[in-house]
Amino acid sequence: MPAAKEQIRQIITENGISSVADVYTLLKDSFKDILQELMEAELDDALGYQKNQKGGIHHMH
């Protein structure tokens with residue numbers, strides 16, 4: 001898949017990537033907002049309420 005390799009090379013060049021650490025930084029920065037949303041959604045499910053609701057629904061075990 002030469003097209004994919006060209007795209008990867010372009011991303012590397014545009015982001016000044018020179019090491020694996022740079023790749024991790026780029027990925028972390030790119031996905032941190034998505035991961036934040038996912039974690040908050042998981043937390044909402046686990047707690048049974050949304051964090052921005054005052055009082056919420058608390059489950060007692």
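This is a short dialogue on reading features of a predicted model.

Me: Where do I start: how many helices and strands does the protein have?
Reply: Start with the secondary structure. The protein has two helices and zero strands.

Me: What span should helix H1 have, and what do its end C-alpha atoms show?
Reply: Use the rise of 1.5 Å a residue. H1 covers residues 2-14, so its 13 residues should span 18 Å. The end C-alpha atoms are 18 Å apart, which agrees. Just after H1, Gly16 takes a positive phi of about 60°.

Me: How many salt bridges does a search of the whole structure find?
Reply: Side chains of opposite charge can pair when their charged atoms come close. Here the search finds one salt bridge. Glu6 and Arg9 form a salt bridge, at 3.2 Å from N to O.

Me: Where do Glu6 and Arg9 lie?
Reply: An α-helix has 3.6 residues a turn, so residues three or four places apart point the same way. Both Glu6 and Arg9 are in helix H1, three residues apart, about one turn.

Me: Is Glu6 buried or exposed?
Reply: Neither: Glu6 is partly exposed because its relative accessible area is 48%, between the 20% and 50% cut-offs. Arg9, also at 48%, counts as partly exposed.

Me: What share of the protein's residues counts as buried?
Reply: Of its 61 residues, 2%. The accessible surface comes to about 5800 Å², with 60% belonging to carbon and sulfur atoms.

Me: Which residues form a nonpolar patch on the surface?
Reply: Among them are Val20, Tyr24, Phe31 and Met39. Together the patch residues have about 880 Å² of accessible area. Val20 lies in helix H2, residues 20-47. Val20 is exposed because its relative accessible area is 56%, over the 50% cut-off.

Terms used: Residues numbered from 1 in each chain as written. Predicted model: local features only at pLDDT ≥ 70, side-chain atom pairs only at ≥ 80, totals over all residues. Heavy atoms only, no water. Patch = residues over 30% accessible without salt bridge, like charges linked within 9 Å, V, L, I, M, F, W, Y side chains within 5 Å. Areas by Shrake-Rupley, 256 points an atom, 1.4 Å probe, with all protein chains shown as cover. Salt bridge = Lys/Arg side-chain N within 4 Å of Asp/Glu carboxyl O. Helix = DSSP H or I, 4+ residues; strand = E, 2+ residues; numbered from the N terminus. Buried < 20%, exposed > 50% of the residue type's maximum accessible area, 1.4 Å probe, protein only. Expected span 1.5 Å × (residues − 1).
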